[in-house]
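Got your viewer open? Load the model, switch to cartoon view, and follow along one selection at a time.

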Amino acid sequence: MNYPESQLILEEIKKAKKILVNCHRGPDGDSVGSALAIQSVIDNMGIKVDVICPNQLPADLLFLSNSNNVKTIDFNEFDFSGYDLFIILDSSTYGMVTGDEKIKKPDIKMIVIDHHFTNVGFGDINLIDSQVTSTAELLFKIFVDWKVKLNSDIATKLLTGILSDTGCFQYGGVGKPTFEIAGELLSLGASKDEIVFNTFRSVKFETLKFWGKVIENMQYDTNHSFVWSAIPLSVYKEYGEDSSSKEDVANLFSPVVKDTDFGLIMVEIDKDVLAISFRARSNFDVSKIAKDLGGGGHIAASGAKVKGPFDEAVEKVLTACRKYAKKN
Ligand SMILES: [Mn+2]
């Protein structure tokens, strides 16, 4: 048994008549891959299950089967009454589920399955394992506990989550267990080449130009060993407001500059709303800065949102960065 909670979770699923699974706001490969994988497993048990998300899925994940059935919903208006269980994946807070911290939790049984170490466990049943790279890896271990047979389709969904959350095995914390699980998924028929082609080699040309703008705006704080780039709303709009592009650009360019500890990309995604993505280059803990600004995440990758006029919000973020950065 990988987890003592696995059995309890399975019992709750078998008791339910209709289940809801979420993709978190700004859905990424781990969120979508994990949600679609557990949907397939539950569906194979003959239990009805819907997947919901507060945002549209990024185009590069639409190659996954059933992704077109994910419902984009408004949590303020969604009717939970037809469901008796809500499985929440890859979301450290309920605000990450809805995209809005002010929305209250519905009166429905919740199971939280996650790998963010900042997750305090806001469900009725919580399975939080911050030792694994991704929710997809955690789900694989749960599926082993459940003794369910995984087909190539489910294996592809789980491998998408692992490749997405590890940057194709680059990030710290990736060791033998993750490679072994990835190897097993390949044995089950996961199509690694299809995942890489769709998620790493299908960048829209205008998104590439947006990345160029981010690099052009990049600044280097030599006293505190970090790089940062800030993009105002007007520029973000000009390049198509692709919500996944800011995460991708953070992954690609924040943690790669010589003689820095970390980098951050700030994008004004709405009037006076700045979304910040932090990425560590060394073993520096960027989650401390994100938490200070009301956000959260992992030691090596975290995020926050800051409200206020663009210049003030940027200054507030930089002040927080300098508070935690090592001084030269
Ligand atoms: Mn994840």
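Select N66 to start. With a relative accessibility of 32%, N66 counts as partly exposed. You'll find N66 in the loop between β2 and β3, the latter being residues 71-72. Check the backbone while you're there: phi of N66 is near 75 degrees, a positive value in a residue that isn't glycine. Keep in mind that this is a predicted model, so every value on this tour is computed from predicted coordinates.

**The strand before that loop**

Now pick K48, which sits in strand β2, residues 48-53. Is K48 buried or exposed? K48 is exposed, at 57% relative accessible area. Leaving aside residues up to four places away in sequence, K48 touches K17, K18 and I19, so show those side chains too. Then draw a distance from K48 to Y83: the two are 35 residues apart in sequence, and their C-alpha atoms are 9.4 Å apart in space.

**The manganese ion**

Next, select the manganese ion. Which residues coordinate the manganese ion? They are D30 (OD), D90 (OD), H115 (NE2) and D165 (OD), at 2.2 to 2.3 Å. Written as a sequence pattern, the donor residues are spaced D-x59-D-x24-H-x49-D. Color helix α2 (residues 29-44) and helix α5 (residues 152-166): D30 lies in α2 and D165 in α5, so this pair ties together parts of the chain that are 135 residues apart in sequence. Turn on a surface and you'll see that both D30 and D165 are buried.

**Along helix α5**

Stay with α5 for a moment. This helix has 15 residues and reaches 21 Å from its first C-alpha to its last, close to the 21 Å expected at 1.5 Å a residue. α5 is mostly covered, with twelve of its 15 residues buried. Among the buried ones are I154, L158, L159, I162, L163 and the metal donor D165. What do the buried residues of α5 pack against? Show α2, α4, α6 (176-187) and α7 (192-200), and you have the answer.

**Back one helix, to α4**

One of those neighbors deserves its own click. Helix α4 runs over residues 135-146, and its twelve residues reach 16 Å from first C-alpha to last, close to the 16 Å expected at 1.5 Å a residue. α4 is also mostly covered: ten of its twelve residues are buried. The buried residues include L138, L139, F140, I142, F143 and W146, along with charged ones such as E137 and D145.

Now step off the end of α4. K147 follows the helix, with a positive phi, and its place is in the loop between α4 and α5. Phi of K147 is near 60 degrees, a positive value in a residue other than glycine. K147 is exposed, with a relative accessible area of 72%.

**Helix α8 and its two sides**

Select residues 205-216, which make up helix α8. At 1.5 Å a residue, the twelve residues of α8 should span 16 Å, and the end C-alpha atoms are 17 Å apart, which agrees. Show the side chains of T207, F210, W211 and V214, the residues of α8 to look for when you want buried positions. Rotate until you look down the axis: the buried residues of α8 fall within an arc of 100 degrees, so they line one face of the helix. As a general point, an α-helix has 3.6 residues a turn, so residues three or four places apart point the same way. On the other side of α8, F205 and E216 are exposed.

Click I215 as well, also in α8. I215 is partly exposed, with a relative accessible area of 42%. Add I265 to the selection: I215 and I265 are 50 residues apart along the chain, and their C-alpha atoms are separated by 9.7 Å.

**Zoom out**

Finally, select everything. The protein has twelve helices and twelve strands. Its radius of gyration is 19 Å, close to the 20 Å that the globule rule gives for 328 residues, so the protein is as compact as a globular protein of that length. Along its principal axes, the C-alpha trace spans about 55 × 40 × 35 Å. Of the 328 residues, 54% count as buried. Residues 24 or more positions apart account for 65% of the contacts with a separation of 6 or more. As for the outside, the protein exposes about 15,000 Å², with carbon and sulfur atoms supplying 49% of it.

Definitions and conventions
Residues are numbered from 1 along each chain as its sequence is written. This is a predicted model: local features need pLDDT of at least 70, side-chain atom pairs count only at pLDDT 80 or more; totals for chains, interfaces and linings use all residues. Side-chain values use heavy atoms; hydrogens and water are left out. Donors are N, O and S atoms within 2.8 Å of the metal (3.2 Å for Na, K and Ca); water is not among the atoms, so sites may look incomplete. Helices (H or I, at least four residues) and strands (E, at least two) are DSSP runs, numbered from the N terminus. Buried means under 20% relative accessible area, exposed over 50%, partly exposed in between (1.4 Å probe, protein chains only). The expected span of a helix is 1.5 Å times one less than its number of residues. The arc is that of the directions from the helix axis to the C-beta atoms. The radius of gyration is taken over C-alpha atoms; the globule rule is 2.2 Å times the number of residues to the power 0.38. Contact means heavy atoms within 4.5 Å. Accessible areas come from the Shrake-Rupley method with a 1.4 Å probe; for residues, only the protein chains shown count as cover.
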